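Here's a short set of exercises to work through with the structure open. Try each task before reading its solution.

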Amino acid sequence: MSLWTKLGLNPGSVSLQNPFFNVDDYLQIQLDLFPSTGEFFNRSEIQRIGFQLSNQTYKPPHEFGPYYFIAAPYTFQGSHKGNSISIGAIAGIAAGCAVLVLGLVAVAVYAIRQKKRAEKAIGLSRPFASWAPSGKDSGGAPQLKGARWFSYDELKKCTGNFTSSNEIGSGGYGKVYRGQLPDGQIVAIKRAQQGSMQGGLEFKTEIELLSRVHHKNLVGLLGFCFEQGEQMLVYEHMPNGTLRESLSGKSGIHLDWKRRLRIALGSARGLAYLHELANPPIIHRDVKTTNILLDETLGAKVADFGLSKLVSDSGKGHVSTQVKGTLGYLDPEYYMTQQLTEKSDVYSFGVVMLELITAKQPIEKGKYIVREVRTSMNRNDLESYGLKEMMDPTIRNTPILIGFGKFLDLAMQCVEEVAADRPTMSEVVKAIETILQNDGINTNSTSASSSATDFVGNAKGPLKHPYSNDALPQKDVSDSEAFDYSGGYTLSTKIEPK
């Protein structure tokens, strides 16, 4: 109606045919126009209509949005005195008047289909645009190396429509599903639930970092999905879950002392790679036992890069940033100064080493593992350094714990209050390698976003120590509400073995 009214034609003289979405995702419509009198348009009518469409003088209803017009030749034949053409030539204007309407054209029959296509196009080209902190369209697709975009339909199919039988973990962030790709590869799909999605920048950070770093002790990112309101990460599958699960006894895996040394070595190598071989260096910022995953041979891989930071200014040596991390693993110096360094990861790793010895969570019933170990240590006890009662029962009665004293000393160096007194991760790697080599062990074979909490400091003065007696929670610090997978599994809320 708009066309015949504005183009000065009679009612019913406009026909819209064959609407379809072309390769550019535009809605293409074939437009047929018929003259008000006679069988043919004369030259002046063709010029008038062509001018109105080509120069956008004709404006379609607002819902249709912008368009552009492509005309086919309209041949004037002498048999009609130069002013008209044969009936067959009417097809010329039908083919010529193709109105191409962009994304949000409100044609009722095609509205739902068009909306889905528009979402897909936006997701492919600028999936993170709307998540920019300024709210402006300044996101842009992540820069991926070795990882790819998965469609929602692909992941839906490989998980059996996200069936509960394929669910291998869940937490505050969402759920993890086991999936099988068409080539037979088993993957773990981390799916955010509505209302609790990871922050856009953290999600993008994890995608870009994991696709850029490649090391046998870092969890491998295969791709991501951001489509139809979904936020998913696709990882290599880690069949033996998290280190925390094995230490708690939930997984049924019993880790002997040598295996624990190998896990510590593998984890340390992954972190050393991030600190010293990645360019620019990367600080993980959330090292903990729920972010260390075990593969089919119980080899360790560091996971969850949602909070990672790049150290782009090597001269500065630190990143000033809002404090984030997990209580119990959080470097107190970082907490109080808000200056993040690689040594902050070293502190967290030291806590992990103490967990390997005790199997206790960092904070249990108001007791902090670092302080408890430091208080109980007795170097005159050459066998267990005074920690026999604190040790994990799985290893407590092992006749000889090779390198136990050196391992404990190394852990306590990592959790020194002052960052400058802590070793680097490469020094930690060398020290653990030495422990294993002294026992003749081959060190070349190692056989759901973040649960992080924001710790916002007082800008008016220095912060108090995070592990002072009056600051510690009286209940266990549990990650059961966290989303632990970059391979992820839920954690038991039961108290860990004493």
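**Exercise 1. A residue from the record**

Task: find the element that holds Lys 190, then decide whether Lys 190 is buried or exposed.

Solution. Start with the location: Lys 190 sits in strand β8, which covers residues 186-192. Keep in mind that this is a predicted model. Next, take the relative accessible area, which is 1% for Lys 190. Buried means under 20%, so Lys 190 counts as buried. Finally, check the record: the unreviewed UniProt entry lists Lys 190 under "binding site".

**Exercise 2. Two helices side by side**

Task: work out how α8 and α10 are oriented relative to each other, and say which residues meet.

Solution. Step one is the geometry. The axes of α8 and α10 come within 11 Å and cross at roughly 170 degrees. Step two is the cut-off: angles over 145 degrees count as roughly antiparallel. The two helices, α8 and α10, are therefore roughly antiparallel to each other.

Step three is the contact itself. From α8 come Trp 257, Arg 260, Ala 264, Ser 267, Ala 268, Leu 271 and His 275. On the α10 side they meet Glu 342, Asp 345, Phe 349, Leu 356 and Ile 357. Sort the residues of this contact by character and you get 7 nonpolar, 2 polar and 3 charged.

**Exercise 3. Three residues in those helices**

Task: for Arg 260, Gly 270 and Ser 348, give the helix, then the burial, then the contacts beyond four places in sequence.

Solution. Take Arg 260 to begin with. Its helix is α8, and at 2% relative accessibility Arg 260 counts as buried. Leaving out residues up to four places away in sequence, Arg 260 touches Leu 247, Leu 255, Leu 356, Asp 392, Thr 394 and Ile 395. Leu 356 also turns up among the α10 residues in the contact with α8.

Now Gly 270, which is found in α8. Its relative accessible area is 0%, so Gly 270 is buried. With residues up to four places away set aside, Gly 270 touches His 215, Asn 217 and Leu 218. For a longer-range check, try Ala 300: it is 30 residues from Gly 270 along the chain, and the C-alpha atoms are separated by 8.8 Å.

Last comes Ser 348, in α10. Ser 348 has a relative accessible area of 6%, so it's buried. Beyond its neighbours within four places, Ser 348 is in contact with Val 287 and Tyr 329. Its C-alpha is 7.6 Å from that of Val 415, with the two positions 67 residues apart along the chain.

**Exercise 4. Following the packing to α13 and α14**

Task: why is α13 described as largely enclosed, and what does α14 pack against?

Solution. Begin with the count for α13: 8 of its 11 residues are buried, so α13 is largely enclosed by the rest of the structure. The buried ones are Phe 404, Gly 405, Phe 407, Leu 408, Leu 410, Ala 411, Met 412 and Cys 414. What covers them includes α8, α10, α11 and α14.

Then turn to α14, residues 425-438. This helix has 14 residues and reaches 20 Å from first C-alpha to last, close to the 20 Å expected at 1.5 Å a residue. Its buried residues are Met 425, Ser 426, Val 428, Val 429, Ile 432, Glu 433, Ile 435 and Leu 436. They pack against α8, α10 and α13.

**Exercise 5. Positive phi in two loops**

Task: place Asn 161 and Leu 298, then say which of these words fits each one: buried, partly exposed or exposed.

Solution. Asn 161 is in the loop between α5 and β6, with phi near 60 degrees, a positive value in a residue other than glycine. At 48% relative accessibility, Asn 161 counts as partly exposed.

Leu 298 lies in the loop between β12 and β13. Its phi is near 65 degrees, again positive in a residue other than glycine. At 13% relative accessibility, Leu 298 counts as buried.

**Exercise 6. One more helix residue**

Task: which residues does Gln 52 contact, leaving aside its neighbours within four places in sequence?

Solution. Locate Gln 52 in helix α2, residues 43-54. At 14% relative accessibility, Gln 52 counts as buried. Its contacts are Lys 6, Leu 7, Thr 57, Tyr 58 and Tyr 67.

Methods:
Residues numbered from 1 in each chain as written. Predicted model: local features only at pLDDT ≥ 70, side-chain atom pairs only at ≥ 80, totals over all residues. Heavy atoms only, no water. Expected span 1.5 Å × (residues − 1). Buried < 20%, exposed > 50% of the residue type's maximum accessible area, 1.4 Å probe, protein only. Contact = heavy atoms within 4.5 Å. Axes fitted to C-alpha atoms, helices over the stretch in contact; angles between N-to-C directions. Parallel < 35°, antiparallel > 145°, perpendicular 65-115°, else oblique. Nonpolar A, V, L, I, M, F, W, Y, C, P; charged D, E, K, R; others polar. UniProt positions renumbered as here; feature names shortened; annotations may be inferred.
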